[in-house]
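Visitor: I have a new model open. Can you walk me through it?

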Amino acid sequence: MSRLPARTGWHWVKQATQLFRKQPGALMALFFCCMFLSLFSLVVPFLGSVAPTLLAPMFTIALLQACADVDHDKRALPNLVFSGFRKPVRKPLLGLGVLYLLVMLLALAVLSWLDDGVLIKMATRQIPMDKDLLENSRGALFVSSGIYMLGWMLSSLAAPLIYWQKMTLAKALFFSVVTVCREFKAFLMAAVVLFLMFQVGAAVPVLLLDSAQLQVMVIFTIFLMMVVLMHCTLYACYRQVFGMPAASAPPAPPPAA
């Protein structure tokens, strides 16, 4: 199979937008269900602070399965939020969540090493906010963010491979890394297009609205929509590389009286 050209990334985003436009309300409602469960997981003893990261692959599966259902002209239902919590995929998805956590800790360690822990100390209010210190830490933040985004991109296809192809965690990671490296130009193009879409979308309320509170509210709404669109783009990528996945199984009928 020949490598995909860079413009394929643009086509993934275009297909993702078309998919999102079919059922925007249902996809956003499911995303809010994922957000609620993520916030609720914060109260779990001992694991609360890291639980959202550990559960991130499960929520990715919920959104990707919703994309598959929309692609099959089925309604994306809120109960899809539990798709990744079922056996046998629950354990490898949790393992992938541990990997996400390790990548995040690595990125934070690099950030702390490059700026002597200034940003982390300001975030935890150990030292007061300082504009000059923030400016000096911009390069460190860029590098650490790049490390995290690269780690996420390389493993982005692991969750759907575990769920739809029933691969082990190691095998899914291998095929994810190989696929992303092989089609890196297409992935990079998709990431750039999504980034530019957010920048343009975020600039509109700043130009049109006078209220700072309204600007923040609209920009945050656009950000949430872009997160869902990013998952739709990941689905479009998976569909082209590995084939269209099946729709979710219909709910079991109630037992006969």
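Guide: We will take the pocket, then a surface patch, then some backbone details. Keep in mind that this is a predicted model.

Visitor: Pocket, then. How much space lies in the largest one?

Guide: About 1600 Å³. Its lining has 42 residues. Met149, Trp152, Phe223, Val227 and Met230 lie nearest the centre of the largest pocket.

Visitor: Which helix gives the most to that lining?

Guide: Helix 11, with 10 residues. Others supply at least two residues each, including helix 2, helix 3 and helix 4.

Visitor: And how do the lining residues divide: nonpolar, polar, charged?

Guide: 33 are nonpolar and 9 are polar. No charged residues line the largest pocket.

Visitor: Now the outside. What makes the nonpolar surface patch?

Guide: Leu150, Phe184, Leu188, Val192, Phe195 and Leu196. The patch covers about 530 Å². Helix 10, residues 184-208, gives the most to it, with 5 residues.

Visitor: Take Phe184. Why does it count as partly exposed?

Guide: Because its relative accessibility is 35%, and partly exposed runs between 20% and 50%. Phe184 is found in helix 10.

Visitor: Backbone next. Where is the cis peptide bond?

Guide: Between Lys87 and Pro88, with omega about 5°. Pro88 sits in the loop between helix 3 and helix 4.

Visitor: Which residue in that loop has a positive phi without being glycine?

Guide: Asp73, with phi near 60°. Asp73 is in the loop between helix 3 and helix 4. Asp73 is exposed, at 66% relative accessible area.

Visitor: What about Lys166?

Guide: Lys166 has a positive phi too, about 55°. Lys166 lies in the loop between helix 8 and helix 9. Its relative accessible area is 55%, so Lys166 is exposed.

Methods: Residues numbered from 1 in each chain as written. Predicted model: local features only at pLDDT ≥ 70, side-chain atom pairs only at ≥ 80, totals over all residues. Heavy atoms only, no water. Patch = residues over 30% accessible without salt bridge, like charges linked within 9 Å, V, L, I, M, F, W, Y side chains within 5 Å. Areas by Shrake-Rupley, 256 points an atom, 1.4 Å probe, with all protein chains shown as cover. Salt bridge = Lys/Arg side-chain N within 4 Å of Asp/Glu carboxyl O. Helix = DSSP H or I, 4+ residues; strand = E, 2+ residues; numbered from the N terminus. Buried < 20%, exposed > 50% of the residue type's maximum accessible area, 1.4 Å probe, protein only. 1 Å grid on protein atoms, 1.4 Å probe; cavity = no way out; pocket = protein on both sides within 12 Å on 5 of 7 lines; lining within 4 Å. Points joined across faces, edges and corners; volume = space filled by probe spheres on them. Nonpolar A, V, L, I, M, F, W, Y, C, P; charged D, E, K, R; others polar.
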